Structure formats: C-alpha cells, structure tokens
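Dear colleague,

I am handing over a structure that you have not worked with before, and below it you will find an account of what turned up in it. Please read the notes with the sequence and the model side by side.

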Amino acid sequence: PPTGGWQTDGRLRIQSSQPLGDCEPAVAFNGVECSPSEDISEPYPTPYRDGLGTRETLRAWAVPANLLKDGLNRIDVQMLEGNAASLVFIDLAVK
C-alpha cells in the first residue's frame, strides 16, 4: 500500500473478448461481494485506443479500500446469468 494507506475505494474492471450482452457477472474481492459500478472509463490517460474495451465488453465494480491487502489478494469472477465469457483482462485502479 502507499504510505498512509489507500485513500479511496478502488474500481475493478473486467473485459471480455466478446460482447457480454445480458450476462450478469459478479465479483468478490478477498471473499467479499463487490457492488457493480456504471463507471467503465479508463482509469488512467492513454494515447493508445486499440484494444480498449467498449460498453459492450466491459463491466466494473467498486472495491472498498478496507478489502485491499498488502501482498496477495483474491479476485473471484462468477457468471450469475448468461453464457460463459472469455476474459481478456482484469484491472484494479485505486489511489
């Protein structure tokens, strides 16, 4: 963690290789279910747009800062509704 600890909650995103449509994925971080977030925007400025997700391929969740551990953290992604999806990446942005 940064000096003084994390100051804000994080935002975890997943990107699938195909549109998620009506799929309903769920995320648990270190065993705690996270709340979905409508904010799927890029967490950091990037000049490269190729390969970035779209509203159809991205989903996001809020990750409370108190769930973050120094060292290994566990992220579980489960599909509650819809077909299986192949994930291209998972990212977590937190300050």
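Before anything else, please keep in mind that this is a predicted model.

I begin with strand β5, which covers residues 58–63, and with the pairings that involve this strand. In β5, Ala60 is the bridge partner of Ser37, and this bridge belongs to the antiparallel pairing of β5 with strand β4 (residues 35–37), which extends over three bridges. Strand β5 also pairs with β1, again in the antiparallel sense, and here the pairing runs over six bridges; within β5, Arg59 is the residue that serves as bridge partner of Ile14. As for cover, five of the six residues of β5 are buried, so that the strand is mostly covered.

The residue I would look at next is Arg13, which has its place in strand β1, made of residues 10–16. Is Arg13 buried or exposed? Its relative accessibility is 1%, and because buried means under 20% relative accessible area, Arg13 counts as buried. What do the polar atoms of the Arg13 side chain meet there? One of them lies 3.0 Å from the backbone oxygen of Ile40, and the side chain of Arg13 is also joined to the side chain of Glu42 by a polar contact of 3.1 Å. If neighbours within four places in sequence are left aside, the residues in contact with Arg13 include Ile40, Ser41, Glu42 and Pro43, as well as Leu58, Arg59 and Ala60, and also Phe89, Ile90 and Asp91.

A second group of strands forms an open sheet of three, with the order β3-β2-β6 and with antiparallel pairing. The edge strands of this sheet are β3 and β6, each of which pairs on one side only. Strand β2, residues 24–29, is mostly covered, with five of its six residues buried, and six bridges join β2 to β6 in an antiparallel arrangement; in β6, the bridge partner of Val27 is Val77. Towards β3 (residues 32–33), β2 pairs in the antiparallel sense over two bridges, and Phe29 has Val32 as its bridge partner in β3. These two strands, β2 and β3, form a hairpin with two residues between them, and in the turn Asn30 has a positive phi of about 50 degrees.

Finally, there is a feature of the surface to point out. Which residues make the nonpolar surface patch of about 280 Å²? The patch is made by Ile75, Val77, Leu87 and Ile90, and the elements that give two or more residues to it are β6 (75–81) and β7 (87–93). Ile75, whose place is in strand β6, has a relative accessible area of 34% and is therefore partly exposed, since that value falls between the limits of 20% for buried and 50% for exposed. Two of these names appear elsewhere in this message: Val77 is the bridge partner of Val27, and Ile90 is among the residues in contact with Arg13.

With best regards

Conventions: Residues are numbered from 1 along each chain as its sequence is written. This is a predicted model: local features need pLDDT of at least 70, side-chain atom pairs count only at pLDDT 80 or more; totals for chains, interfaces and linings use all residues. Side-chain values use heavy atoms; hydrogens and water are left out. Helices (H or I, at least four residues) and strands (E, at least two) are DSSP runs, numbered from the N terminus. Buried means under 20% relative accessible area, exposed over 50%, partly exposed in between (1.4 Å probe, protein chains only). A polar contact is a pair of N or O atoms within 3.5 Å; within protein, one must be able to donate a hydrogen and the other to accept it, and residues adjacent in sequence count only if both atoms are side-chain atoms. Contact means heavy atoms within 4.5 Å. Two strands pair if DSSP finds at least two bridges between them. Patches are made of residues with over 30% relative accessible area and no salt bridge: like charges are joined within 9 Å, nonpolar side chains (Val, Leu, Ile, Met, Phe, Trp, Tyr) within 5 Å. Accessible areas come from the Shrake-Rupley method with a 1.4 Å probe; for residues, only the protein chains shown count as cover. A salt bridge is a side-chain nitrogen of Lys or Arg within 4 Å of a carboxyl oxygen of Asp or Glu.
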